[in-house]
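This report introduces a structure to a reader who meets it here for the first time, beginning with the ligand and its surroundings and then turning to the aromatic rings.

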Amino acid sequence: MNYITLPSTDLKISTIGLGTWVFGSSHWSGAEKKDCINAAHAAIEHGVNFIDTAPIYGDGLSEEIIGEVLKSNRNRIIVATKCGLIKDGKRITFNLSPESIEKEVEASLRRLQIDCIDLYQCHWPDPDTPIEKTMSTLLQLQSQGKIRHIGISNFDLDLLKNALSFAPVVSLQVQYSLLNRSIEKDLLPFCREKQIGILAYGPLGGGILSGKYHKQPHFTSSDARNFFYKFYQSKQFEQIQTSLEKLKEIERPLYQIAINYIRQKEGITSVLVGCRNREQALTNTESVQWDLSPEQVAFIERHFTVIAE
Ligand SMILES: NC(=O)c1ccc[n+]([C@@H]2O[C@H](COP(=O)([O-])OP(=O)(O)OC[C@H]3O[C@@H](n4cnc5c(N)ncnc54)[C@H](OP(=O)(O)O)[C@@H]3O)[C@@H](O)[C@H]2O)c1
């Protein structure tokens, strides 16, 4: 495994991080708890020391599972979780108010069974709470020793700059894959210049870039591939199959090509890859055993059709 220090911190994190949205199972069809635990242990055995979770993943279940995994690994693992997405019946609301964050952090610490969260991230912007209030709450949690570092996720450039004027934000978590390269316009150059770590999520577009879906799949209605990763509808699906066909010329597993393309981009600190079992965890971590050559990167950029630029 390779490790990079998250800028402005003492956190030396693996360039492949373990994404655990699937661990909550509610937005991913049929993820079994024991398979998720095995996946986490397999990733850790192969050098992954960075785990990303969130209270919203399975209504706390993902954090609880990570809490179990951490019991035997706390000193080796850097844990990132989030605040700001609240389940309200079937609705999900954005809430980064001080009162809500203060409640959320206690619940996360309890589920994770730890005293301090290494990286605490605002999951999505909350248009109803001034950013200075959110940041001052996070600074307070930091001074109380409940969180070590402050991160954000899914913020645009203006909001990121705004947040930075109130608190030392060390990371931006954002979607970045061969299918969605929109951060290259402004966020990636800005973060490179200002030395803010980028944690890239969805590197497999939710699984499609593994190349395993030869026919358009049909997921259960709550599955994230119906509402979040919109690459599975007919037009995009066919276009992606054509791009993947071309990538086969590189003669490496497609999921490793997709992961390495993002991992090797300058400015990316860690690629958060989701997995539902031990085998996926192992094969994904093996991506670090080789690098795409500059010619292969150029070949990919010539032949792969980006869906969101
Ligand atoms: N901040 C945010 O708003 C946000 C949003 C999304 C994600 N995230 C974070 O980023 C992490 C990664 O993103 P993601 O999990 O949504 O998507 P992803 O990493 O692009 O895709 C993960 C899915 O791909 C499939 N897969 C993984 N490895 C595979 C392999 N080797 N072979 C075949 N299929 C494989 C699995 O699903 P199937 O087996 O079902 O195909 C797995 O659940 C999340 O877990 C979460 O921690 C954050």
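In this predicted model, the ligand is surrounded by 34 residues, of which D52, K212, Y213, Y229 and R276 are the closest. Sorted by class, the shell around the ligand consists of 14 nonpolar, 15 polar and 5 charged residues.

Polar atoms of the protein also lie beside nitrogen or oxygen atoms of the ligand, and the table lists three such pairs.

| Protein atom | Ligand atom | Distance |
|---|---|---|
| Q173, polar side-chain atom | nitrogen | 3.1 Å |
| L204, polar backbone atom | oxygen | 2.8 Å |
| G206, backbone N or O atom | oxygen | 2.8 Å |

On its own the ligand has 900 Å² of accessible area, and the protein covers 96% of that area. The space that the ligand takes is the largest pocket, and the elements that contribute two or more residues to the shell around the ligand are the strand β12 (268-274) and the helix α10 (278-285).

The aromatic rings form a second topic. The structure holds 9 aromatic pairs, and one of them joins W21 and Y57, whose ring centres are 5.7 Å apart and whose planes stand at 25 degrees, so the pair counts as stacked. This pair links distant parts of the chain, with W21 placed in the loop between β3 (16-19) and α1 (33-45) and Y57 in the loop between β4 (50-52) and α2 (61-70), the two residues being 36 residues apart.

Notes. Residues are numbered from 1 along each chain as its sequence is written. This is a predicted model: local features need pLDDT of at least 70, side-chain atom pairs count only at pLDDT 80 or more; totals for chains, interfaces and linings use all residues. Side-chain values use heavy atoms; hydrogens and water are left out. A residue is near a molecule or strand if one of its heavy atoms lies within 4 Å of it. A polar contact is a pair of N or O atoms within 3.5 Å; within protein, one must be able to donate a hydrogen and the other to accept it, and residues adjacent in sequence count only if both atoms are side-chain atoms. Accessible areas come from the Shrake-Rupley method with a 1.4 Å probe; for residues, only the protein chains shown count as cover. On a 1 Å grid over the protein atoms alone, a cavity is a set of points where a 1.4 Å probe fits but cannot get out, and a pocket is an open set with protein on both sides within 12 Å along at least five of seven lines; lining residues have an atom within 4 Å of a point. A molecule sits in a cavity or pocket if more than half of its atoms lie within 2 Å of its grid points. Helices (H or I, at least four residues) and strands (E, at least two) are DSSP runs, numbered from the N terminus. Ala, Val, Leu, Ile, Met, Phe, Trp, Tyr, Cys and Pro count as nonpolar, Asp, Glu, Lys and Arg as charged, and the others, Gly among them, as polar. Rings of Phe, Tyr and Trp (its six-membered ring) pair if their centres lie within 6.5 Å; planes under 30 degrees apart count as stacked, over 60 as edge-to-face and the rest as tilted.
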